[in-house]
Each structure stands twice: as C-alpha cells, then as structure tokens.
Amino acid sequence: MADLTLARTGREEFTIAADTRPTYFSYYWSRLPALAQVAIIFFGTRVVTTVFLLAFASQQQETWQSPAKPDLWTFSNLWDSAWFERIGTGGPFGYSSELPRNDEGQVTENAWAFMPLYPVLVRGLMVATTLPWEVASVLVATAFGFAAAWVFNRTLALVVDKSTTAFATLLFCIAPTSPLLQLGYAESAQSFFVALLLYLLIKRQWLVMLPVIVLASFTRPTGLAWAMTLGLYFLARWWMHAKGREAFPRPEVIKVMAAGMLSAVAGFGWLLIAWAVTGVPSAYIDTELAWRIHYTGPIELEPFTGWFHGSTFWFGQPIGAIIVVLFVIVVVGAIALPIMRRLGIEIRIWLFSYFTYLFAVFFPQSSTFRLLMPMFPILGAVAIPKSPLYRVSVVVLMLVGQLLWLYVCWYTVEGDWTPA
C-alpha cells in the first residue's frame, strides 16, 4: 500500500490509501477521462432503470393516469407530470389568475404549486423540434440528469479520492429515486442546480453563483434552504477567521452576504409572483396546503408542525411523535458522523439546511422520498468504504430500493391515491 495525497481546492490536504497493484479493469477505467466515466455510468444505469420501467409498464392496468400497458413515454409522465404539461402547453404558461376553490371556499390543487423553469424548457424543445410533450419532457429531464451526475462527480472530486467519486456517482444514478433522472419531473433539474451550487460554494465562485441561485429557485423550492446554507457558511468562515485559522477578507464577506440575500429574496420570489398574478397574498401557500387538506382538513401553515400532523395521520399519537423525533435524531446524527467530515463543511451545511427546511414546511406522505432527493451529496460518505463486499451490497440495496420506489410511488392501480 502507498499513500496518495490529493489537494482539496488548495485549502487542505487529505491522505488516502491506494492499491499500487490495480486490477485489469481498474487500470483501464482509471485511464478514461472523467466525463467518459460519468457517461458510461449514467447511460448504463439508464438502461437498467428503463428495463425496470418497461417491466412495470407491461403490467400497468388502465387507470385514470394511463391506458393499459402504456408505452415508455406515457409511463414516464404520470402523476405531477400532468401539471408540468399544463404549465408548458397552456397559456399563459398554464398559470391562472383565478385560484380554483371548492364549495367551502378553500383553494384546491392547481399549477401554482409547480415552478416554471422545467416546463418552459420542455416547451422550448417542443417548439424547436415538434416533439410531443411526453418525449420532450423525458429528453429534458434526462439531459439534466446527466448534467447532475457530471457536476456531482466534479464536486466530489474536490473533496474525496477518485474511487469514492466514481462509486458515489454510480450510487447517485441507481438510488431508489434515481428513475426521476429520466421521468417527466423537475427533480433532475433541481439535482443539477444543487450539485452546481455546491461546486461553486467549494470553489468560492460567488459571482457565477448568483444566476444559478435564481434559476434553482424557479425550478424547485431551493432558495430558502440555500440562503440558510450561506448563512451558516458565513458564520463558520467568520468563526474560523476569528480563531486565526483562515482569512475571510472583506470583499469575500460582501460577496457571501450578497449571495445569501439574493437567495433569500429568490426563495420568496415565486410566492410574490403568485400573489401579484392572483391578487391573493397567500396564493402559493394556500395551493401547497391544498395537497395536505385530505389528510389534515383545513389548516394553516405552522412551521415545524407538518411532520407531527403527518405522523398523527399515519401512526397516531404518541407513537407518531416518537417516530418523528427518532427520525430527526438519526438524520442529524448521520450528518454529524466523523466520516462526513471527509466531504467538507459546505456539503454538511447544505444537508443540514435542506433537511431543516423540509422539517419546517413539509407534510410527510409518499412524496417524502422524492423530496429528500436533494440530500444526495450524502452518497459521497456512503461511497467511502472500499470493501468489495460492502460496495456490492450497497449496489444491490439501491437497486432493490429503486424497484420498491417504482412499485409504491410510481406504478398505479385503480383508485391509487399515493402520488410520487
């Protein structure tokens, strides 16, 4: 064994053990450019996921969502994909100035819950190519999926060794929710922007980060979690500066503060736009609450209560509250594990901030797995152990998880009320 030293963006160094006698496969694999490695991993795993999708589609019965045995394109556009299609093909952009309401005057499900960047891009591809929505939505999602895998790979390359980076990229592409990297949803675009923001944060490219913050905030709710990330990052850098561990020059202080303030504003941007168009200050929040009214009845948004309301619905009390508290302890504890330090403070702060954001505003139901997807950088730590048995076991678990997610959250049966 020999020591291999890698630099982390010029700020610190870490030492890993590398085998000086590579296998035939690892020798030739290591000689491939990183982009080629990611392409092989991504498109190879898309073949596997496509086989899974086709297998489920072949068993799909006719439902309100699809005909019996739909083709791949139709099966890839179930559930909320229909809302994106209304936005992308409707006018103006499928957003109404009148909020739909039920007989009690409560706002019902509508397009304001979904942000415009992804459906607008799909619409642009449709106009440029005359492709139907079902095909264009999958192509755009898959392109973002590949871009997300590539940027995630380059981000991890800043903090861990090549073997860990490649294996984490594989795990990202086969994770239980990884079918979303090629389905008609905005999650692949969100994953790309999250990976890019983390890359820019580690590289400290503040000016380049600014437009990315805005684009991410109009793809999926990301702005407020990123504003918290930058706020905690600012405090961490300030503390290190006070301790004499690292400089934090005034120009950089100003740039971090500017990026954080922009992210906070962008995080509220869609709420303000919905208000401006509909004339209802709470239009976006009321729309989001419409998705949980079936579980809770009419209710106001009270931060940090949604998980407890959800646990009451699913498990009753006090068992539900105990489950929520234990889950929070497990997640926060996992982020605080010593092995997570290998990923750097930036990724750990993001994981904590995004989970805090979800805990503050989300109501747990079947979409929980999908909404946890932006925490994918934790896979960098999962990928660190080098044991072949461990890695094979993780791959098998990921593939089984993918099948379970497709069965529970995507494949539909008549009367299925569990959206992805």
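User: How many of the 18 residues of α16 are buried?
Analyst: This is a predicted model, in which local features need pLDDT of at least 70, side-chain atom pairs count only at pLDDT 80 or more, and totals for chains, interfaces and linings use all residues. Residues are numbered from 1 along each chain as its sequence is written, and side-chain values use heavy atoms, with hydrogens and water left out. Helix α16, a DSSP run of H or I with at least four residues, numbered from the N terminus, is mostly covered. With buried meaning under 20% relative accessible area (1.4 Å probe, protein chains only), the number of buried residues in α16 is 13.

User: How far apart are the end C-alpha atoms of helix α16?
Analyst: The expected span is 1.5 Å times one less than the number of residues. Residues 344-361 should therefore span 26 Å, which agrees with the separation in the model, 27 Å.

User: Is serine 58 buried or partly exposed?
Analyst: Serine 58 belongs to helix α2, residues 34-59. Partly exposed covers values between the buried limit of under 20% and the exposed limit of over 50%; because its relative accessible area is 33%, serine 58 is partly exposed.

User: Which residue has its backbone oxygen 2.6 Å from a polar atom of the side chain of serine 58?
Analyst: Alanine 39 is 19 residues away along the chain, and its C-alpha atom is separated from that of serine 58 by 28 Å. The backbone oxygen at 2.6 Å from the serine 58 side chain belongs to alanine 55.

Key: Helix = DSSP H or I, 4+ residues; strand = E, 2+ residues; numbered from the N terminus. Polar contact = N/O pair within 3.5 Å; in protein donor to acceptor, adjacent residues only side chain to side chain.
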